[in-house]
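Let's take a friendly walk through part of a protein chain and see how its pieces fit together. Have the sequence and the 3D view ready as you read.

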Number of protein chains: 2
Amino acid sequence: MTKRGMLIVLSGPSGVGKGTVRKAIFDQNNNDFQYSISMTTRQPRPGEVDGVDYFFVSKEEFEERIQTGGMLEYAKYVDNYYGTPLKYVNETLDSGKDVFLEIEVNGAMQVRAKSPDGVFVFLTPPDLMELKQRLIHRGTDAMDVINKRVATAVGEIKMMQNYDYAVVNDEVNNAVEKIKTIIRSERLRVTRVMPDYLGMLGEMNS
Amino acid sequence: MTKRGMLIVLSGPSGVGKGTVRKAIFDQNNNDFQYSISMTTRQPRPGEVDGVDYFFVSKEEFEERIQTGGMLEYAKYVDNYYGTPLKYVNETLDSGKDVFLEIEVNGAMQVRAKSPDGVFVFLTPPDLMELKQRLIHRGTDAMDVINKRVATAVGEIKMMQNYDYAVVNDEVNNAVEKIKTIIRSERLRVTRVMPDYLGMLGEMNS
């Protein structure tokens, strides 16, 4: 029996640059994990290719997939659906390959509930850590602006608590390197390699 | 307040090459973690230097340290004590630096009980995974030899279950690279970086 692959989920607040980091990861040719392309009902933007950037489908097709349990996770934003088709993820994991998802925070929590042994990485905006420094040094923001920024930061930190790792998106290359380090490290977890060892012993004893 | 450093524990079965891997790690000059030198009552071997390879102390001094709670972990092998002085580890962690221990499995379990948030890496002999292959291809071992090897492997896998990561010591450089990857990755754990974020918010709100 092939050992099931590992599910890697990259998520984070809107606008943090998840898509840019994911593209930079898959622009490299040395990845030993597969990208699961998302599905959406929104129109392709100029330059976007069906089956590369997204699977572009009709609202009817997407809703039928939801009904028949065909989506690992999905959400509706501004009247359009976005989600991850279950079949590709399951077949790839079953074949022993690791799968990489780049999805919104709502979707990530749906996946976490179904696949608690996945690796969940939260991409944080650099200004979450630089916020205080900047506010102090600038000293020109109105209190309501500062309060709003702090409230946003608090909300993002609360989201982070549901993840395994936090990676600051200070520079795309740094974030890419950190995410790949996490993936390499997670493959060495005792809970993940134990089946290999137990399998070996089982076969030896049989 | 400085964030407390991370405790990294390298252990594994006798003869697996823990010392060689640890020396190879600290032969590199780019480490951002500190080696905690072990203490022993055995005689220095030719070439071993006090305060570099070990702290060499008398049996009386070692036993006094045990009595006064001065050892993080210790064990007795062949009438000699081996252990980790608590003071250096605590002071270094308190200063915010990460500390690396290379210790026997008994000691590692003592440390795990006291510091469950440490990172515990189990170094496995390459033959644990190659065992089956070799036994099949060779086909010349007597059954009692095979059984003994399997029993040893089972024992080592049981030990492994108490660790976070398993690294095969197939080649020293590979093992070193994997251990350093684990350390870099563990620094990105949400549970470890959360205090930084919460601290920042606390300071902002004050």
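## A helix and its cover

The buried residues of helix H1 of chain B are covered by several elements, including strand S1 (7–11), strand S2 (33–35), strand S7 (98–102), strand S8 (119–124) and helix H7 (172–186) of chain B. Keep in mind that this is a predicted model.

Which residues of H1(B) are buried? In this helix, which spans residues 18–27, they are Lys18(B), Val21(B), Arg22(B), Ala24(B) and Ile25(B). They lie on the same side of H1(B), because they cover an arc of only 160 degrees around the axis.

## The sheet

Now look at the strands. In chain B, 5 strands form an open sheet with parallel pairing, and their order is S2-S7-S1-S8-S9. The edge strands are S2 and strand S9 (165–168) of chain B, each of which pairs on one side only. On average, neighbouring strands of this sheet are turned by 25 degrees against each other, direction ignored. As background, strands of a sheet pair through backbone hydrogen bonds, either parallel or antiparallel.

Let's zoom in on S7(B). It pairs with S1(B) in the parallel sense over 4 bridges, and 3 bridges join S7(B) to S2(B), again running parallel. The table shows some residues that stand opposite each other in these pairings.

| Residue | Opposite residue in S7(B) |
|---|---|
| Leu7(B) | Val99(B) |
| Ile8(B) | Phe100(B) |
| Tyr35(B) | Phe100(B) |

Is S7(B) mostly covered or mostly uncovered? It is mostly covered, with 5 of its 5 residues buried. Their side chains are shared between two directions: Asp98(B), Phe100(B) and Glu102(B) point one way from S7(B), while Val99(B) and Leu101(B) point the other way. Residues of both groups are buried.

## Helices against the sheet

Which strands does helix H7(B) lie across? The answer is S1, S2, S7, S8 and S9 of chain B, and H7(B) runs at about 160 degrees to S9(B). As we saw at the start, H7(B) is also among the elements that cover the buried residues of H1(B). Strand S7(B) is another element in that cover, so you have now met it both as a partner in the sheet and as a neighbour of the helix.

Technical notes:
Residues numbered from 1 in each chain as written. Chains lettered and ligands numbered in written order. Predicted model: local features only at pLDDT ≥ 70, side-chain atom pairs only at ≥ 80, totals over all residues. Heavy atoms only, no water. Buried < 20%, exposed > 50% of the residue type's maximum accessible area, 1.4 Å probe, protein only. Arc of directions from axis to C-beta. Contact = heavy atoms within 4.5 Å. Pairing = 2+ DSSP bridges. Axes fitted to C-alpha atoms, helices over the stretch in contact; angles between N-to-C directions.
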